[in-house]
Amino acid sequence: MNPTPVVELEGVRKVFDGGTVALDGVTLTVYEGEFFSLLGPSGCGKTTLLRILGGFEVPDAGTVRIAGVDVREVPPYRRPVNTVFQNYALFPHMTVFDNIAFGLRMRRRPPAEVRRKVGWAMELVQIEGLSARRPHELSGGQKQRVALARALVNEPRVLLLDEPLGALDLKLRKQLQIELMRLQMELGTTFVYVTHDQEEALVMSDRMAVMQNGRLEQVGLPEELYERPKTAFVARFLGRSNLIEAHAVAPDRAETPFGPLRVSGGLTPGRRYLLGIRPEKLRLAREPWNRANTVTARVKEIVYTGAENQYILEARGGELVAYTLNADISEPGYEEYDYGETVHVHLPPENLVVIDEPIGDEPRPPAP
Amino acid sequence: MPRLLKLHTYLVLAFLYLPIAVIVALSFNQSRFGVRWTGFTWQWYLRLFHHHRVAVYAENTLIVAVASTLIATVLGTLLALGLYRYSFRLKGAIRFLIYVPVVIPDIVMGVALLLFFAWVRVHTGWLRLSLTTIVLGHVTFQIAYVALVVRSRLAGLDPALEEAAQDLGAGSYATFRHVTLPLILPGVLAGALLAFTLSLDDFVITFFTAGPGSTTLPLYIFGSVKRGVTPEIHALSSILIAATTVGLVLGRALLRRR
């Protein structure tokens with residue numbers, strides 16, 4: 001079965017008064033039933049993209065289709081989407097029930113249907129019994145649930161969520177993440193979820209996009225973006241990464257400040273690349289490895305995070321970051337090292353990601 | 001030092017409110033002349049209520065206050081909404097111009113209105129000095145007060161609320177009716193009460209824009225005082241003071257509502 005596109009963006013561009021380019025030619029397709037996240041630092045354009053889908057901003061160029069319809073001329077109140085706003089935006093002068101019923105009443109549904117559906121939505125987000133409360137009498141988590149119910153009760157084709165968990169504390173956030181995923185699976189509604197929290201995006205999404213400066217850096221499965229980042233920005237923004245400048249000398253070999261390194265292939269000799277490797281993929285040992293791709297280093301810093309030991313290692317070519325599991329077994333990979341100790345670091349060629357991106361201040365090629 | 005400050009505060013309060021207190025006290029004084037207290041009485045109030053011309057003046061005052069407040073509240077609220085929602089050329093100038101009726105001397109305003117009405121009358125035959133011209137005169141300064149009060153309420157309004165309404169299927173009218181208006185209503189009512197009390201006791205602008213047969217209570221008080229102050233006037237003044245105070249207190253209570 002082919003996935004059906006619900007949201008189709010083509011060459012969407014938005015420039016704000018004052019010349020800030022919020023979106024710089026964004027092309028993206030989101031499919032029916034997907035949990036899709038837009039991830040990026042503040043000011044990257046992710047919220048603008050969401051507002052364009054909601055109809056609160058009009059793109060300067062490009063086309064936006066929702067459920068196959070070009071929505072350029074369609075005002076927010078006629079779009080088959082609903083939004084969960086960043087600070088919930090619950091109507092303070094209405095009860096929880098009236099807040100949730102608002103959308104149905106605007107579409108003139110009969111009172112019996114309104115009651116039934118509001119009841120269904122309240123049960124869905126587990127806020128039965130709160131219907132007579134006012135928003136100011138609710139906790140942050142409860143407000144969040146009301147905002148969700150208020151949007152979902154209209155059965156939108158796409159639910160737009162703008163950092164919905166941003167204002168909540170960590171524990172509540174984790175709990176609501178799981179609930180949102182459950183809801184999304186249960187209802188099969190397409191979610192477009194904006195966040196600046198990389199872990200949230202990795203945990204929740206079916207697919208995700210990383211944005212920077214109004215462009216999509218990379219779109220794909222969470223594990224794709226994490227394991228095979230295409231740009232240095234993605235490698236740095238999603239978790240931590242060791243980025244090594246490299247000069248290709250053969251399709252599978254490059255000169256680096258750490259010495260010659262072997263990769264799985266794909267290099268053009270003579271060109272410069274960045275090689276990325278995740279801290280948890282570095283293999284540490286007290287004895288020399290007797291293999292290629294080995295660097296000798298000294299332990300400079302140790303950060304104990306509970307589940308992991310994080311080492312900052314100083315080698316001849318620069319610093320490397322390595323994480324090892326804190327599993328209390330003395331097998332290779334689980335050993336603990338001391339300050340100043342010499343370790344042998346192996347960088348497995350299959351874990352070295354080739355980032356084919358102009359290095360340094362070279363200008364980027366213009367957008368297609 | 002704090003003691004001195006406290007004393008100063010009491011002096012200022014006394015300076016502001018003692019004259020008013022004296023008037024109110026004298027309105028209950030039995031003595032017809034002078035300021036010596038001779039005993040408590042309601043008679044000046046009773047006499048006032050049987051004075052049929054005063055009833056006409058009171059009616060005029062109320063007609064002017066109600067009509068001008070209604071007009072100014074609608075126009076002032078629209079002005080505040082326009083300035084809140086849209087950006088356009090001269091917006092800064094208009095925002096500044098709102099303050100002009102507030103700070104300009106009433107007498108200048110009064111003379112200007114009088115000249116304007118005369119000019120219109122000469123050219124069109126409309127706008128004879130009457131209750132209508134008083135209403136128009138009052139509206140000119142009331143709009144500013146209403147707009148300022150409503151604007152301060154709008155400033156605290158989260159724009160996401162209107163977006164949420166639209167997102168849930170409400171068009172512009174439904175958004176205004178169900179979300180914007182209920183949320184700014186305390187500000188609108190407070191502005192209206194302020195406008196009402198300002199109209200109720202306005203003398204200067206009324207004086208210049210009133211015609212024959214359109215005497216209001218403040219005009220009547222001024223006219224009578226020229227012939228000597230009577231306890232009936234004290235009673236009338238006290239009623240006006242009470243009415244404006246109630247208006248202001250209600251307005252403040254409304255503005256404090258969340």
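**Note on the predicted two-chain model**

1. To begin with one strand pair of chain A, A:L159 stands opposite A:F191, a residue of β8(A). The strands concerned are β7 (residues 158-162) and β8 (residues 190-195) of chain A, which run parallel and are joined by 5 bridges. It should be kept in mind throughout that this is a predicted model, and that the remarks below describe what was computed from its atoms.

2. The pair belongs to an open sheet of 6 strands in chain A, whose order is β6-β7-β8-β3-β9-β10 and whose pairing is mixed. At the edges of this sheet stand β6 (81-84) and β10 (215-220) of chain A, and because each has a single partner strand, one side of each is left without a neighbour in the sheet. From one strand to the next, the twist averages 20 degrees. As background for reading such an arrangement, strands of a sheet pair through backbone hydrogen bonds, and they do so either parallel or antiparallel.

3. A second open sheet of chain A has 5 strands in the order β15-β19-β16-β17-β18, and here the pairing is antiparallel. Its edge strands are β15 (283-285) and β18 (318-325) of chain A, each of which pairs on one side only. Direction ignored, neighbouring strands of this sheet are turned against each other by 45 degrees on average. At the β15 edge, β15(A) and strand β19 (residues 342-346) of chain A pair in the antiparallel sense over 3 bridges, and within this pair A:R283 has A:H346 of β19(A) as its bridge partner.

4. Towards the start of chain A there is a hairpin, in which strand β1 (residues 5-15) and strand β2 (residues 21-31) of chain A run antiparallel and are joined by 8 bridges. One of the bridge partners can be named: A:V12 is matched by A:V26 in β2(A). The hairpin of β1(A) and β2(A) has 5 residues between the strands, and A:G18 takes a positive phi near 100 degrees there.

5. As for the division of chain A, the assignment gives domain 1 (5-232) and domain 2 (240-355). Taken over C-alpha atoms, the centres of domain 1 and domain 2 of chain A are separated by 39 Å. Contact between them involves 5 residues of domain 1 of chain A and 5 residues of domain 2 of chain A; on the side of domain 1 that touches domain 2, the residues divide into 2 nonpolar, 1 polar and 2 charged.

6. Between the chains, 16 residues of chain A are in contact with 15 residues of chain B. On the side of chain A that touches chain B, the elements that give two or more residues are β6 and α2 (96-106) of chain A, and α2(A) gives the most, with 3 residues. The reader may note that β6(A) has already appeared as an edge strand of the sheet of 6 strands. By class, the residues of chain A on this side divide into 8 nonpolar, 7 polar and 1 charged.

7. Chain B has 12 helices and 0 strands. Along its principal axes, the C-alpha trace of chain B spans about 70 × 60 × 35 Å.

8. Within chain B, helix α3 (residues 52-85) and helix α7 (residues 131-155) pack with their axes 6 Å apart and at an angle of about 40 degrees, which makes α3(B) oblique to α7(B). The contact of α3(B) with α7(B) has 19 nonpolar, 8 polar and 1 charged residues, and the crossing in which α3(B) passes α7(B) is right-handed.

9. A further helix pair of chain B is formed by α8 (residues 159-167) and α9 (residues 172-200), whose axes come within 10 Å and cross at roughly 160 degrees; α8(B) and α9(B) are therefore roughly antiparallel to each other. Here too the crossing, in which α8(B) passes α9(B), is right-handed. On the α8(B) side the contact is made by B:L161, B:E162, B:A165 and B:Q166, and on the α9(B) side by B:T175, B:H178, B:V179, B:T180 and B:L183. The residues of this contact of α8(B) with α9(B) divide into 4 nonpolar, 4 polar and 1 charged.

How values were computed. Residues numbered from 1 in each chain as written. Chains lettered and ligands numbered in written order. Predicted model: local features only at pLDDT ≥ 70, side-chain atom pairs only at ≥ 80, totals over all residues. Pairing = 2+ DSSP bridges. Helix = DSSP H or I, 4+ residues; strand = E, 2+ residues; numbered from the N terminus. Axes fitted to C-alpha atoms, helices over the stretch in contact; angles between N-to-C directions. Parallel < 35°, antiparallel > 145°, perpendicular 65-115°, else oblique. Left-handed = near helix turned anticlockwise from the far one by under 90°. Nonpolar A, V, L, I, M, F, W, Y, C, P; charged D, E, K, R; others polar. Domains from an automatic or database assignment. Contact = placed C-beta atoms within 7 Å.
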